[in-house]
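Biologist: Please open the model so that we may discuss how its interior is organised.

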Amino acid sequence: MSSISATASGVHDAPVVELDRIVRRFGGRAVLDGISLRVERGELFGLLGPSGSGKTTLVKVMTGIDKADEGSVHMLGEPMPKLSMLQRFGYMAQSDALYGELTAKENLVFFASLYGLKGARRSERIHDSMAVVGLLDHLNKPVGAYSGGMKRRLSLAISLLHEPQLLVLDEPTVGIDPVLRQSIWKELAKMREGGTTIILTTHVMDEADKCDRLALIKDGKLTAVGSPAALKAETGSETIEEAFIALGGGIRS
């Protein structure tokens, strides 16, 4: 792996997420192969890699949805998986976990109850989260009538409901139009400035360039970790895409 320093400005000693030598196997094949990684408080941290590189599996292990075969995971100082941690982070999966027969509001009320939100506070958070993703006018529409892009936006709103300390987003802007994508990124930047730690997976290079730091992943291995500027400087590249290819990224072998 590239020796670029993992240090970034504003880094604190206690990481929000710490992975130590993570291995995850499926059918005898290592989908994650010895990954160690620290994500610091207040970072917007990107996992960048082609489809099939292991990004989603890494996120699932990180959040306790899946369990590593080897190694350890700590989130906000707690060993994972741990059920009580569900109220401390927000998660947006690559596949939308929504109830199509319910309206968007009914979906939001259901998930709000899981996060312990009630009464006026619940109503306020539903309104604000749907405003962020531009869906307030569709609050009472059955989710089954939503387009694919609207479902992605609703999934993001759900992950924002309880204003979590940590937000984990798996391909959050797939299927979302460019104007709204820009709006969502402005909101993510605002949340980071407010102290929220954000981890997201992407294969979109201009999104990767907006992250404080990136972990480049291919075939279940980290090929480099560093800021976009540092990765480009190390490889003499003008773009993060050129740096990614130079550091062993690109099409899965």
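Biologist: Which residues touch the most other members of the largest nonpolar core?

Modeller: This is a predicted model, in which local features need pLDDT of at least 70 and side-chain atom pairs count only at pLDDT 80 or more, while totals for chains, interfaces and linings use all residues. Residues are numbered from 1 along each chain as its sequence is written, and side-chain values use heavy atoms, with hydrogens and water left out. A nonpolar core is a set of buried Ala, Val, Leu, Ile, Met, Phe, Trp, Tyr and Cys residues joined through side-chain atoms within 4.5 Å, where buried means under 20% relative accessible area with a 1.4 Å probe, protein chains only. Of the 45 residues in the largest such core, those touching the most other members are Leu-108, Met-130, Leu-154 and Leu-188.

Biologist: Which helix gives the most to this core?

Modeller: Helices here are DSSP runs of H or I with at least four residues, and strands are runs of E with at least two, numbered from the N terminus. With 6 residues, the greatest contributor to the core is helix 4.

Biologist: Where is Arg-152 placed?

Modeller: Its backbone position falls within residues 148-160. That segment is helix 4.

Biologist: Is Arg-152 buried or exposed?

Modeller: The relative accessible area of Arg-152 is 5%. Because that value is under the 20% limit, Arg-152 counts as buried.

Biologist: Which residue's backbone oxygen does the side chain of Arg-152 reach?

Modeller: Contact means heavy atoms within 4.5 Å. Leaving aside neighbours within four places in sequence, Arg-152 has contacts that include Met-92, Gln-94, Asp-96, Glu-171 and Ile-176. At 3.1 Å, its side chain reaches the backbone oxygen of Asp-170.

Biologist: How many helices and strands does the chain have, and is it as compact as a globular protein of that length?

Modeller: The radius of gyration, taken over C-alpha atoms, is compared with a globule rule of 2.2 Å times the number of residues to the power 0.38. The chain has a radius of 18 Å, close to the 18 Å given by the rule for 253 residues, so it is as compact as a globular protein of that length. The secondary structure comes to 8 helices and 10 strands.

Biologist: Where does UniProt place the ABC transporter domain?

Modeller: The record is an unreviewed entry, and such annotations may be inferred rather than shown by experiment. The annotated span is 35% helix and 27% strand, with end C-alpha atoms 23 Å apart. UniProt places the domain at residues 17-244.

Key. Buried means under 20% relative accessible area, exposed over 50%, partly exposed in between (1.4 Å probe, protein chains only). A polar contact is a pair of N or O atoms within 3.5 Å; within protein, one must be able to donate a hydrogen and the other to accept it, and residues adjacent in sequence count only if both atoms are side-chain atoms.
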